[in-house]
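Good morning, and thank you for joining. Please look at the sequence and the model that I am about to show.

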Amino acid sequence: MKKSTIARSLPLLAAGLGLVALGLRWALYAFAADSWGLLPAWHPLEIILWLLSAAVLVGIPLAVKNCKGSNRYSDNFGPSFPAAAGHILAAAGILLTVLLNDPQMPGLVGFAWKLLGWASVPCLAAAGFARAKGNRPFFLLHITVCLFLVFHIIDHYRSWSGNPQLQDYLFALLGTMALALYAFYLSAFEVGSGRRRMLMGMGLEAIFLCLTNLAGTPYPYLYLGCVIWVFTGLCAPVPKRRPKEGEPNP
């Protein structure tokens, strides 16, 4: 099997395992939680979930270690209407998130979370239209999304760190970090400094973690929209590499 075919199958595998983990979490909260909403220690479903999550997060770097290639945007991203639609759906998810939710922290952090959320909507839409045409987006478009996700972490740090139950926030924290890094590595390609292995690795982790986090999250639109954005981006075919000036044609 060709390496490109294997690489395109990895998002499907990450999504499938993410759905399995999502089912485990739903079952845990439905059947194992007590009257306070807390999970008992060492429940069999929880052990399976942690083992699955550890295997996926360790396996992803191993699976993408050979994903090498050019750092030029045109060598990695061609015209793709599914990828463009993924950008639009991520923009819709962020829009609904900032419309329906107030920031957790008052003051400057909460204001920045809201402002960057609003700014991310047209940025993702513009990047999506560029992707549909095969044009390279302006790098600040994805950087804005990256900053919104970073401030999402900062804004929720207090509530996450004060939660005694690791299950309630770990997937949200790690999933948001993976999404932020995915957006950052997209912008790196847009300035000619991309790394295919890092983009693929962060994207696969984001797919798995964000799907798992859909059980019980107060931000389902954010994570579902971003999962579709990452999934459609990673599944899009990579253009045939054009030789640089002076290189022979392969």
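I shall speak about confidence, then the core, then one helix, and finally some single residues and the cysteines.

This is a predicted model, in which local features need a pLDDT of at least 70, side-chain atom pairs count only at pLDDT 80 or more, and totals for chains, interfaces and linings use all residues. Residues are numbered from 1 along each chain as its sequence is written, and side-chain values use heavy atoms, with hydrogens and water left out.

Let me begin with confidence. The term pLDDT is the predictor's confidence in each residue, from 0 to 100. The protein chain averages 89, and 92% of the residues score at least 70. Helices are DSSP runs of H or I with at least four residues, and strands are runs of E with at least two, numbered from the N terminus. Among the elements of the chain, α3 has the highest mean pLDDT, 97, and α1 the lowest, 86. Over residues 246-250 the pLDDT stays under 50, and the model has 4 contacts beyond four places in sequence for them. Contact here means heavy atoms within 4.5 Å.

I turn now to the core. Buried means under 20% relative accessible area, exposed over 50%, and partly exposed in between, with a 1.4 Å probe and protein chains only. A nonpolar core is a set of buried Ala, Val, Leu, Ile, Met, Phe, Trp, Tyr and Cys residues joined through side-chain atoms within 4.5 Å. The largest one here has 62 residues, and Phe148, Leu179, Tyr182, Leu204, Tyr223 and Trp229 have the most contacts inside it. Elements giving two or more residues to this core include α1 (3-31), α5 (139-161) and α8 (220-235). Which helix gives the most? It is α6, with 11 residues. Trp229 touches, among others, Gly86, Leu124, His142 and Tyr182, leaving aside residues up to four places away in sequence.

The helix α5 deserves a closer look. Its 23 residues reach 32 Å from first C-alpha to last, close to the 33 Å expected at 1.5 Å a residue; that expected span is 1.5 Å times one less than the number of residues. At Asp155, α5 bends by about 40°, the bend being the angle between axes fitted to the seven residues ending there and the seven starting there. The buried residues of α5 pack against α3, α4, α6 and α8. One of these buried residues is His152, whose relative accessibility is 0%. Beyond four places in sequence, His152 touches Trp113, Trp160, Thr176, Tyr219, Leu222 and Tyr223.

Next, Val64 lies in the loop between α2 and α3. Is Val64 buried or exposed? It counts as buried, because its relative accessibility is 4%. Outside four places in sequence, Val64 touches Leu10, Arg197, Met200, Gly201 and Leu204.

Finally, the cysteines. A disulfide is a pair of cysteine sulfur atoms within 2.5 Å, and by this rule the count comes to 0. Why does Cys146 form no such bond? The closest cysteine sulfur, in Cys226, is 12 Å from that of Cys146, which is too far for a bond. Cys226 is likewise in no disulfide, as the nearest cysteine sulfur, that of Cys210, is 6.8 Å away. Cys146 is buried at 11% relative accessible area, and Cys226 is buried at 0%.
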